[in-house]
Amino acid sequence: QVQLVESGGGLVQPGGSLTLSCAASGNIVEIFTMGWYRQAPGKQRELVAVITSGGSTTYVDSVKGRFTISKDNAKNTVYLQMNSLKPEDTAVYYCNTVLRTVLSVPENYWGQGTQVTVSS
């Protein structure tokens with residue numbers, strides 16, 4: 001059973017910073033990608049950033065230059081450093097990973113979500 005445990009959300013003023021983390025656990029054999037999506041009220045879930053096993057990164061245009069995704073392979077953990085936060089970054093942020101366990105083909109997993117609110 002794979003679990004994704006997220007932490008680091010909260011309330012921050014515009015211009016502030018937050019760091020999200022997501023740790024994957026279970027009988028993990030190989031992680032292909034880890035990333036973050038977000039969903040604001042009334043909007044569709046969108047990709048924020050993703051990092052591959054080889055370290056390649058992709059960002060949605062609206063966060064380029066402000067957010068940085070990174071990972072710790074030893075801890076099966078992905079981080080999202082968010083700087084210069086804007087009110088439009090307010091959303092529930094979801095961790096996502098594509099990985100393979102001992103008894104499975106690669107599958108997609110989601111975290112429970114963590115709220116990020118940017119407001120003065």
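Okay, let's start with one arginine. At 6% relative accessibility, R38 counts as buried. Before I go on, please keep in mind that this is a predicted model.

So what does a buried arginine do with its side chain here? One partner is E46: the two side chains meet in a salt bridge, at 2.7 Å from N to O. E46 itself counts as partly exposed, because its relative accessibility is 30%. The other partner I want to show you is D89, whose side chain meets that of R38 in a salt bridge at 3.0 Å, N to O. That pair links distant parts of the chain: D89 sits in the loop between β8 and β9, R38 sits in strand β4, and their positions lie 51 residues apart in the numbering. Both D89 and R38 are buried.

As a general reminder, side chains of opposite charge can pair when their charged atoms come close.

Now stay on D89. Which other residue does D89 form a salt bridge with? That's R66, and the closest N and O atoms are 2.8 Å apart. D89 is in the loop between β8 and β9 while R66 is in the loop between β6 and β7, so this pair ties together parts that are 23 residues apart in sequence. How buried is D89? Its relative accessible area is 1%, so D89 is buried. R66 counts as buried too, at 10% relative accessibility. Put the pieces together and you get one network, with R38, E46, R66 and D89 joined by salt bridges that share partners. In total, the structure holds 5 salt bridges.

Let's look around R66 a bit more. A polar atom of the R66 side chain lies 2.9 Å from the backbone oxygen of S84. Not counting residues up to four places away in sequence, R66 touches Q81, M82, N83, S84, L85, K86 and D89.

M82 gives us a nice way into the nonpolar core. The largest core has 30 residues, and the ones that touch the most other members are W36, L80, M82 and Y93. Which strands supply at least two residues each to this core? They are β3 (18–25), β4, β5 (46–52), β7 (67–72), β8 (77–82), β9 (91–101) and β11 (114–118).

Take Y93 from that group. Leaving aside its neighbours within four places in sequence, Y93 is in contact with E6, L20, W36, Y37, R38, V48, F67, L80, M82, G113, T114 and V116. You'll spot R38 in that list, the arginine we started from.

T114 is in that list as well, so let's hop over there. T114 lies in strand β11. Is T114 buried or exposed? With a relative accessible area of 12%, T114 is buried. A polar atom of its side chain lies 3.4 Å from the backbone nitrogen of G9. Beyond four places in sequence, the contacts of T114 are E6, G9, L20, A91, V92 and Y93.

Strand β11 also holds T117. This one is partly exposed, because its relative accessible area is 25%, and the cut-off for buried is under 20%. The T117 side chain makes a polar contact with the side chain of Q115, at 3.3 Å. Leaving aside neighbours within four places in sequence, T117 is in contact with G10, L11, V12 and T90. How far apart are the C-alpha atoms of T117 and P87? They are separated by 7.3 Å, with the two residues 30 apart along the chain.

For contrast in numbers, look at A23 over in strand β3. The C-alpha atoms of A23 and S56 are separated by 19 Å, and these residues are 33 apart along the chain. A23 is partly exposed, with a relative accessible area of 29%. What A23 touches, beyond four places in sequence, is Q3, L4, V5, N76 and T77.

Last stop, the surface. Which residues form a nonpolar patch there? V29, V102 and L103 do, and together they have about 340 Å² of accessible area. V29 lies in strand β4 (residues 28–39), the strand where we also found R38. V29 counts as partly exposed, because its relative accessibility is 44%.

So, to take home: a salt-bridge network of R38, E46, R66 and D89, a largest nonpolar core of 30 residues, and a nonpolar surface patch of V29, V102 and L103. Thanks, that's my tour.

Notes:
Residues numbered from 1 in each chain as written. Predicted model: local features only at pLDDT ≥ 70, side-chain atom pairs only at ≥ 80, totals over all residues. Heavy atoms only, no water. Patch = residues over 30% accessible without salt bridge, like charges linked within 9 Å, V, L, I, M, F, W, Y side chains within 5 Å. Areas by Shrake-Rupley, 256 points an atom, 1.4 Å probe, with all protein chains shown as cover. Salt bridge = Lys/Arg side-chain N within 4 Å of Asp/Glu carboxyl O. Helix = DSSP H or I, 4+ residues; strand = E, 2+ residues; numbered from the N terminus. Buried < 20%, exposed > 50% of the residue type's maximum accessible area, 1.4 Å probe, protein only. Core = buried A, V, L, I, M, F, W, Y, C linked by side-chain atoms within 4.5 Å. Contact = heavy atoms within 4.5 Å. Polar contact = N/O pair within 3.5 Å; in protein donor to acceptor, adjacent residues only side chain to side chain.
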